[in-house]
Amino acid sequence: MPLTLLSPAAAEPVTLSEMKNHLRLTDAAEDAVVASALAAATRSVEARGGLALMTQGWRLTLDARPEETLFLPIAPVTAIDAVTVSGVAVDPSAYEFAPGSPARFRPSRPWPAPQERIGGVTIDFSAGYASAGEAPPPLRQAVKLLAAHFFENREAATETRTFSVPATVDALIAPFREVRL
């Protein structure tokens, strides 16, 4: 099930100003470094939790049409934008969708079989919070803590040092991570 980012978020869930305040920085000398750490921290929190913190467009590619309920791999999903089978649009009345976290998707009637044996079905969807204010505060705090960690530990890891995420970051993400059995 390849997942492809179609449209990245237009903004970060934490502003540069908020991050500089968190780091207690007052001048603009390191704005580029702070912005880079903020972007890296946001992507890391999203990846660790299977989340989209700000609105993004995604495409899920399948080899066959789903026969049962499919749980979409990123949360929270807000909309199904398009579904195609072999490049032909599927009528929205041919599937059911329950938004949220986890979002569920399933056909409501039979679809045609894809002509391609690999990647014949695509589901385009939107995921994420509409504004930074809607993103849960614990996730925004995880971004700030991880960005601060990246900012303070800018040197490259060596053979004796490995990258580690502060335990607090994982603890803040854990309630939002979908657990599958």
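## A first look around this model

In helix α1, which spans residues 16–23, the buried residues include M19, K20 and L23. They sit on the same side of α1, because they cover an arc of only 100° around the axis. Keep in mind that this is a predicted model. Below is a quick tour of that helix, the strands, a cluster of aromatic rings and one serine, S126.

**Helix α1**

- Flip to the face of α1 turned away from the buried side and you'll find S17 and N21, which are exposed.
- What lies over the buried residues of α1? The cover includes α2 (31–49) and α3 (137–152).
- Just after α1 comes R24, and its phi is positive, near 60°.

**Strands β1, β2 and β8**

- Strand β2 takes in residues 56–62 and is mostly covered, with six of its seven residues buried.
- β2 runs antiparallel to strand β1 (residues 3–7), and four bridges join the two.
- To find one spot where they meet, look for L3: its bridge partner in β2 is L60.
- β2 also runs antiparallel to β8, this time with seven bridges joining them.
- Here T61 is a handy marker, since its bridge partner in β8 is T122.
- As a bit of background, strands of a sheet pair through backbone hydrogen bonds, and they can do so either parallel or antiparallel.

**The three-strand sheet**

- There's an open sheet of three strands in the order β3-β7-β6, and the pairing is antiparallel.
- Its edge strands are β3 (70–71) and β6 (95–98), each of which pairs on one side only.
- β3 and strand β7 (residues 104–107) pair in the antiparallel sense over two bridges.
- Look across from L70 and you'll see F105 in β7.

**The aromatic cluster**

- How many aromatic pairs are there? The count comes to two.
- One is Y95 with F105: the ring centres are 5.1 Å apart and the planes are at 35°, so this pair is tilted.
- Since Y95 lies in strand β6 and F105 in strand β7, the pair ties together parts that are 10 residues apart in sequence.
- Are Y95 and F105 buried or exposed? Both are buried.
- F105 also forms an edge-to-face pair with W111, at 6.1 Å centre to centre and 70° between the planes.
- F105 has a relative accessible area of 0%, so it is buried.
- W111 counts as buried too, because its relative accessibility is 6% and the cut-off for buried is under 20%.
- Put together, Y95, F105 and W111 make one aromatic cluster.

**A closer look at S126**

- You'll find S126 in strand β8, which covers residues 121–127.
- S126 counts as buried because its relative accessibility is 15%.
- Which residues does S126 touch, leaving aside its neighbours within four places in sequence? They are Q56, P76, V77, T78, A79 and D81.
- With D81 there's a polar contact as well, side chain to side chain, at 2.8 Å.
- G87 is 39 residues from S126 along the chain, and their C-alpha atoms are separated by 19 Å.

Definitions and conventions. Residues numbered from 1 in each chain as written. Predicted model: local features only at pLDDT ≥ 70, side-chain atom pairs only at ≥ 80, totals over all residues. Heavy atoms only, no water. Buried < 20%, exposed > 50% of the residue type's maximum accessible area, 1.4 Å probe, protein only. Contact = heavy atoms within 4.5 Å. Polar contact = N/O pair within 3.5 Å; in protein donor to acceptor, adjacent residues only side chain to side chain. Pairing = 2+ DSSP bridges. Phe/Tyr/Trp six-rings, centres within 6.5 Å; stacked < 30°, edge-to-face > 60°. Arc of directions from axis to C-beta.
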